[in-house]
Amino acid sequence: LNDVPDMITSCCKIFVDDTKIYRQISSTDDTNFLQADLNRLVEWANKWHLQFNFSKCKILHIGRRNPSTPYYMSNTVLDAVCEEKDLGVTFSSNMSFSAHCSNIAARATRILNLVKHTFTFMEPIMFTKLYKSIIRPLLEY
């Protein structure tokens, strides 16, 4: 997996078994370069007898002027998404973090409700400890 960045022209980020490739799209040449890099990734996977799970491969078009070109891997059209979660952070095509903040707030609210419904009686000290150890870390991450 460490040889992947050397064989493509787009930027590449790898974390464990998760690989992201990206590039700024300013012309049709850039879309062709990105597609060529996707093709090289498929060739690399075939060489090492690996398979991509194409249902997990996504395209996130960022910016208003992005032409939203469809991209392919092994003749499979990759799904274009408006937002994608990566390492716990939700990224959106307009680079607004409102979706991420909403997801975190909703998760914290669910856990807060679970704590409230689990305990029939709770002293303020106990609630403060639970809040600081379970709920606040979600909001601060």
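Reader: In which loop is serine 74 found?
Author: The model discussed here is predicted. Strand 4 covers residues 72-73 and strand 5 covers residues 76-77. Serine 74 is found in the loop between strand 4 and strand 5.

Reader: What is the phi of serine 74?
Author: Most residues other than glycine have a negative phi. Serine 74 is not a glycine, yet its phi is positive, at about 50°.

Reader: Is serine 74 buried, partly exposed or exposed?
Author: The relative accessibility of serine 74 is 42%. Buried requires under 20% and exposed requires over 50%. Because its value of 42% lies in between, serine 74 counts as partly exposed.

Reader: What is the relative accessible area of asparagine 75, which also has a positive phi?
Author: Asparagine 75 is in the loop between strand 4 and strand 5. It has a positive phi of about 65° although it is not a glycine. Asparagine 75 is classed as exposed because exposed means over 50%, and its relative accessible area is 78%.

Reader: Which helix gives the most residues to the largest nonpolar core?
Author: The largest nonpolar core has 15 residues, and those touching the most other members are Val4, Leu38, Leu41, Tyr71, Met73 and Leu78. With 6 residues, the element that gives the most to this core is helix 2.

Reader: Which residues does leucine 38 touch, not counting those up to four places away in sequence?
Author: Leucine 38 is one of the buried residues of helix 2. The buried residues of this helix pack against helix 1, strand 2 and strand 4. Beyond four places in sequence, leucine 38 touches Ile21, Tyr71, Tyr72, Met73 and Leu78.

Reader: With which residues is valine 4 in contact, leaving aside neighbours within four places in sequence?
Author: Valine 4 lies in helix 1, and it counts as buried because its relative accessibility is 1%. Leaving aside neighbours within four places in sequence, its contacts are Cys12, Ile14, Leu41 and Trp44.

Reader: How far apart are the end C-alpha atoms of helix 2?
Author: Helix 2 has 20 residues, and at 1.5 Å a residue it should span 28 Å. The computed separation agrees with this expectation, because the end C-alpha atoms are apart by 29 Å.

Reader: Which residue just after helix 2 takes a positive phi?
Author: Helix 2 covers residues 28-47. Just after this helix, a positive phi of about 55° is taken by histidine 49.

Reader: How many charged residues are in the lining of the largest pocket?
Author: This pocket holds about 1600 Å³ of space. Among the 44 residues that line it, Thr19, Lys20, Ile21, Tyr22 and Lys58 are the closest to its centre. Elements that each supply at least two lining residues include strand 1, strand 2 and helix 2. By class, the lining has 24 nonpolar residues and 8 polar ones, and the number of charged residues is 12.

Reader: What covers the buried residues of helix 3?
Author: Helix 3 covers residues 98-118. Its buried residues are Ala99, His100, Ile104, Ala108 and Val115. What covers them includes strand 7, strand 8 and helix 4.

Reader: How far apart in space are arginine 136 and alanine 108, C-alpha to C-alpha?
Author: Arginine 136 is found in helix 4 and is partly exposed, with a relative accessible area of 34%. Alanine 108 is among the buried residues of helix 3. The two are 28 residues apart in sequence, and their C-alpha atoms are separated in space by 7.9 Å.

Technical notes. Residues are numbered from 1 along each chain as its sequence is written. This is a predicted model: local features need pLDDT of at least 70, side-chain atom pairs count only at pLDDT 80 or more; totals for chains, interfaces and linings use all residues. Side-chain values use heavy atoms; hydrogens and water are left out. A nonpolar core is a set of buried Ala, Val, Leu, Ile, Met, Phe, Trp, Tyr and Cys residues joined through side-chain atoms within 4.5 Å. Buried means under 20% relative accessible area, exposed over 50%, partly exposed in between (1.4 Å probe, protein chains only). Helices (H or I, at least four residues) and strands (E, at least two) are DSSP runs, numbered from the N terminus. Contact means heavy atoms within 4.5 Å. On a 1 Å grid over the protein atoms alone, a cavity is a set of points where a 1.4 Å probe fits but cannot get out, and a pocket is an open set with protein on both sides within 12 Å along at least five of seven lines; lining residues have an atom within 4 Å of a point. Grid points are joined across faces, edges and corners, and a volume is the space filled by probe spheres set on the points. Ala, Val, Leu, Ile, Met, Phe, Trp, Tyr, Cys and Pro count as nonpolar, Asp, Glu, Lys and Arg as charged, and the others, Gly among them, as polar. The expected span of a helix is 1.5 Å times one less than its number of residues.
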